[in-house]
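I opened this notebook to record what I looked up in one protein model. The entries follow the order in which I made them.

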Amino acid sequence: MTLEQLYLTVSVGGLVLLASIVGTRVATVVGFPSLLLFLLVGVAIGEDGLGLQFDDVVLARNVGTAALAVILVEGGLTTRFSDIRKVLGPAAALASFGVVISTVVTAVGAHLLLHFDWQLALLLGAIVSSTDAAAVFSVLRVLPLPRRLAGLLEAESGFNDAPGVILVLMFSVVPFVFHPEGAVTDLVYELVGGTVIGLVVGYLGAFGLRRIALPASGLYPIATFGLGLVAFAAAGDAHASGFIAAYVAAVVLANLGLPHRSATRSFAEGVGWLAQIGLFVLLGLLVDPSELAVDVLPAIVIGLVLLLVARPLSVVGTLIWFRIPWRDQAFLSWAGLRGAVPIVLATFPIVEGVTGSSRLLNIVFVLVVVFTLIQGPSLRPIARVLGLISREATREIQVEAAPLDMLDAELLTMTVQRPSRLHNVTILELRLPDPAVITLIIRDGHTFVPEPDTRIEAGDELLIVTTSKTRAAAEARLRAVSRRGKLAHWFDEYGEMD
């Protein structure tokens, strides 16, 4: 590749990325699922659109697998263990036995209704059996669902990629020979091995990060995210599930009180969005719309079997031993969102050379697009009909949605160092420029709202809300008082940058 070609590639990639980000904002406003927008961007610049040809299934599989690992690490780092602790049992059951039930029921439907041979039918069932982490994390987190229900869906989507991948690889063997006893042994080993490796990497990583003083705070989010990817790779090398290892390690790291958690969360969300955009655009490039027409009807048939039969049976069949209210089960049955995971899994049998598997990619692509359009926008009204959310809860969420962005405000944080003359200065004496205000003080691990006569102490972490226009003046005042005390202006100290 010449430098000119490199510049052109980077320019096109940057423009696609920016267009996807802008489109995400528009899609959020109108209620259109953003993952479909990314897919359509890939289709638009592909062979039937602007003419960019991409048919490398092996590259798509490899990049897709890596992107899914990144998305799962992001999901784990943004998951609070308190939200999923009480639903780990139901989530594990849905992610294992539920996937098996959904696979079998969907395969029977594909065999009887579409006359697929059993290998293709089982492959199709396994490919679409697991819910998609990217779709769940992006759609459900904007719904004011009860935390037990949202936590159950998030945990299930984080765990069930692993069984889906294992089943697809089992059914992709050429020639096709299936041994149930060996399949069960492999499944248990991969799940248990991935979980153990994720726990080990998570705890050892947290132990090390607490005791290593990195030269810059920005390195902590990178190190934390890197540990999740290390868990993914280590499990893969051990022939265990890298997906479940990545998610478990990230959950552990996110919930052990590591420093700079807010920065880590923001970094993870940014990298996760980047992985989602790149993955969906790549998968959109891989599909040729001109070849999809013949597979629209089979995709709808299988989608209906999955949505109306397989998913409800898997939910009821696995949650029968748990005290899950019927309203929650009904919502879980409808909210089994599919996204990038099935499309990526559809590339596995193509790479392995399974006869007729290229058609599965088109069927899965159409299924994801059609049923995401049906399920995504309908989640809120269905949750409201089931009594899971109320209009008052919806209004509360809207009030909390990006208030700093709406007010053109910024949140600043600073730690009062030992030599600083901010020590023993009261909030009133600090005299920050209006409308800057210290909203919280974190002292010795305890958080409280300061009063005007509250004295700042060395070691305090201050959270300051200000507007973009006032930020420079607020920072200057903080520097001035830190250097010369509350009478800094008397000493001609105005906090200029050195």
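**Entry 1: the second largest pocket**

How many nonpolar, polar and charged residues are in the lining of the second largest pocket? I looked this up in a predicted model, and I found 33 nonpolar residues, four polar residues and no charged residues in that lining.

I then turned to the volume of the second largest pocket, which is about 800 Å³. Its lining is made up of 37 residues, and those closest to the centre are A92, S96, P163, L191 and I244.

I also asked which helices supply at least two residues each of this lining. My list reads α4 (81-84), α5 (88-113), α6 (118-127), α9 (161-171), α10 (180-211) and α12 (242-254).

**Entry 2: the chain as a whole**

I next noted the secondary structure of the protein chain, which has 22 helices and four strands. Of its 498 residues, 50% count as buried.

For the accessible surface of the protein chain I recorded about 23600 Å². Carbon and sulfur atoms hold 65% of that surface.

I also looked up how far apart in sequence the contacting residues lie. Among contacts in the protein chain with a separation of 6 or more, 78% are between residues 24 or more positions apart.

**Entry 3: a cis peptide bond**

Which two residues does a cis peptide bond join? I found that the bond links D434 and P435, with omega at about 10°. I placed P435 in the loop that runs between α21 (427-430) and β2 (437-443).

**Entry 4: positive phi outside glycine**

I examined H115, which is not a glycine and yet has a positive phi of about 60°. H115 lies in the loop between α5 and α6. Is H115 buried or exposed? I entered H115 as exposed, because its relative accessible area is 66% and the cut-off for exposed is over 50%.

I then examined D444, another residue other than glycine with a positive phi, here near 55°. I located D444 in the loop between β2 and β3 (446-448). D444 has a relative accessibility of 71%, so I entered D444 as exposed too.

**Entry 5: summary**

I close with the points I would look up again on the model. The lining of the second largest pocket has no charged residues, and A92 is among the residues closest to the centre of that pocket. The loop between α21 and β2 holds P435, which follows the cis peptide bond from D434. H115 and D444 each have a positive phi.

Conventions:
Residues are numbered from 1 along each chain as its sequence is written. This is a predicted model: local features need pLDDT of at least 70, side-chain atom pairs count only at pLDDT 80 or more; totals for chains, interfaces and linings use all residues. Side-chain values use heavy atoms; hydrogens and water are left out. On a 1 Å grid over the protein atoms alone, a cavity is a set of points where a 1.4 Å probe fits but cannot get out, and a pocket is an open set with protein on both sides within 12 Å along at least five of seven lines; lining residues have an atom within 4 Å of a point. Grid points are joined across faces, edges and corners, and a volume is the space filled by probe spheres set on the points. Ala, Val, Leu, Ile, Met, Phe, Trp, Tyr, Cys and Pro count as nonpolar, Asp, Glu, Lys and Arg as charged, and the others, Gly among them, as polar. Buried means under 20% relative accessible area, exposed over 50%, partly exposed in between (1.4 Å probe, protein chains only). Contact means heavy atoms within 4.5 Å. Accessible areas come from the Shrake-Rupley method with a 1.4 Å probe; for residues, only the protein chains shown count as cover.
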